[in-house]
Amino acid sequence: MNALGVKHRRIPILSIGRDVYCDTRLILQKLEERFPFGTIGASRPDDKAVEKLLETWTIDGVFSRAAQAIPLEMPLLNDPKWVKDREDYMGRSWAKEDMGKGRPEALAHLREAFQLLESTLLADGRQWILRTEQPSLADIEAIWPFHWLSGMEGALPPSVFGNDNFPKVYAWIDRFSAALKAARKSAPKVTTLKGAEAIQYITQAEFAEPDGEVDSRDPLALKKGQDVESWPIDSGFNHRDRGQLIALTRQEIVLKTQAKVGHRDVHIHHPRTNFRIRAVSGGGESKL
């Protein structure tokens with residue numbers, strides 16, 4: 001990522017040509033738009049609303065509590081470098097003592113989240129959130145922190161999160177795991193590239209999207225071609241991308257920067273949600 005001139009801290013990222021998409025919110029949106037033959041997103045407005053609300057609920061609410069539920073016995077919590085990296089990323093202490101203090105409260109919030117699914121969206125025995133034949137984007141938006149935690153030994157105390165307490169949630173997770181396994185088995189073989197190969201492939205490609213426009217009615221009143229920086233404000237906020245603003249919409253920020261390898265322009269795409277953008281002075285510090 002550094003070789004591409006991208007400072008964004010979080011993974012995954014998606015590259016289509018020399019357009020680099022950061023943050024899962026935006027990545028899923030772009031995949032749905034660019035590959036409609038494989039779309040799994042909702043088509044009805046009310047289903048789209050459920051999909052979007054689930055995205056916000058898990059990313060902005062459930063995930064931070066899920067991270068606090070990591071078992072204290074996990075070996076990585078004894079690795080000072082890993083702990084320091086997590087603290088830089090999350091902006092809070094990852095010391096075992098502090099993690100232990102916050103864990104009971106996190107589990108209480110997670111129990112509420114499990115109960116919400118058990119007693120509402122899954123209460124009628126449906127297989128998938130939107131009553132589809134296969135898992136949809138709504139299921140992906142909702143399930144990932146629960147799927148992650150259920151596979152982490154020691155994260156969820158059985159006395160609180162046992163199958164008897166939330167049978168419909170665990171059955172949903174099991175169905176999703178089986179569907180994921182089947183999808184992987186039937187998918188084309190993935191070509192794996194080493195870092196240098198990926199950089200070469202990306203920097204020699206063309207742009208996937210034409211230059212966009214900057215919304216003249218946007219409250220920030222930024223101008224196309226202006227030097228800006230953009231960064232997430234929920235986590236990974238110590239790592240900021242800088243470049244020329246080439247597009248700004250209600251959903252997306254697009255910056256033009258230059259790859260360190262090959263020195264070709266790269267377009268970095270950020271979502272608007274939970275990202276901040278502001279003008280900077282000619283490569284210097286941010287304007288307040």
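At what angle do the axes of helix H4 and helix H7 cross? Roughly 85°, and the two axes come within 8 Å. H4 covers residues 96-119, and H7 covers residues 167-186. An angle from 65 to 115 degrees counts as roughly perpendicular, so H4 is roughly perpendicular to H7.

Before I go on, a word about the model. This is a predicted model. The chain averages a pLDDT of 93. At least 70 is the score for 98% of the residues. One stretch to treat separately is residues 284-288, where the pLDDT is below 50. That stretch still has 14 contacts in the model beyond near neighbours in sequence.

Back to H4 and H7. Which residues meet there? From H4 we have Phe114, Leu117 and Glu118. From H7 we have Pro167, Lys168, Val169, Tyr170 and Trp172. By class, that contact has six nonpolar residues, two charged and no polar ones.

Stay with H7 and look at its other partner here, H5. These axes come within 10 Å and cross at roughly 100°. H5 and H7 are therefore roughly perpendicular to each other. On the H5 side, the contact uses Asp139, Ile140, Ala142, Ile143, Phe146, His147 and Ser150. On the H7 side, the residues are Tyr170, Trp172, Ile173, Phe176 and Ser177. Tyr170 and Trp172 of H7 also appear in the contact with H4. Sorted by class, the H5 and H7 contact has eight nonpolar, three polar and one charged residues.

Now follow H5 to H2. How do H2 and H5 lie, roughly parallel or roughly perpendicular? Their axes cross at roughly 10° and come within 8 Å. Angles under 35 degrees count as roughly parallel, so H2 and H5 are roughly parallel to each other. H2 brings Glu51, Leu54, Glu55, Trp57, Thr58, Ile59, Val62, Phe63, Ala66 and Ala67 to the contact. H5 brings Leu137, Ala138, Glu141, Ala142, Trp144, Pro145, Phe146, Trp148 and Leu149. Of these residues, 15 are nonpolar, one is polar and three are charged. Two H5 residues named here, Ala142 and Phe146, are also in the contact with H7.

Next, the second largest pocket. About 460 Å³ of space lies in it. It is lined by 18 residues. Closest to its centre are Arg25, Gln29, Glu51, Lys52 and Glu55. Glu51 and Glu55 will sound familiar, as both are in the contact of H2 with H5. Which elements give two or more residues to the lining? Helix H1 (24-34), helix H2 (45-68) and helix H5 (137-150) do. The largest share comes from H1, with five residues. By class, the lining has nine charged, five nonpolar and four polar residues.

Two backbone details to finish. Where is the cis peptide bond that runs from Ile11? It leads to Pro12, with omega near 5°. Pro12 sits in the segment before strand E1 (13-16). Then there is Asp23. Its phi is near 85°, a positive value in a residue other than glycine. Asp23 is in the loop between strand E2 (19-22) and H1. H1 is also the helix with the largest share of the pocket lining.

Conventions: Residues are numbered from 1 along each chain as its sequence is written. This is a predicted model: local features need pLDDT of at least 70, side-chain atom pairs count only at pLDDT 80 or more; totals for chains, interfaces and linings use all residues. Side-chain values use heavy atoms; hydrogens and water are left out. On a 1 Å grid over the protein atoms alone, a cavity is a set of points where a 1.4 Å probe fits but cannot get out, and a pocket is an open set with protein on both sides within 12 Å along at least five of seven lines; lining residues have an atom within 4 Å of a point. Grid points are joined across faces, edges and corners, and a volume is the space filled by probe spheres set on the points. Helices (H or I, at least four residues) and strands (E, at least two) are DSSP runs, numbered from the N terminus. Ala, Val, Leu, Ile, Met, Phe, Trp, Tyr, Cys and Pro count as nonpolar, Asp, Glu, Lys and Arg as charged, and the others, Gly among them, as polar. pLDDT is the predictor's confidence in each residue, from 0 to 100. Contact means heavy atoms within 4.5 Å. Axes are lines fitted to C-alpha atoms, for helices over the stretch in contact, and angles run from 0 to 180 degrees between N-to-C directions. Angles under 35 degrees count as roughly parallel, over 145 as roughly antiparallel, 65 to 115 as roughly perpendicular and the rest as oblique.
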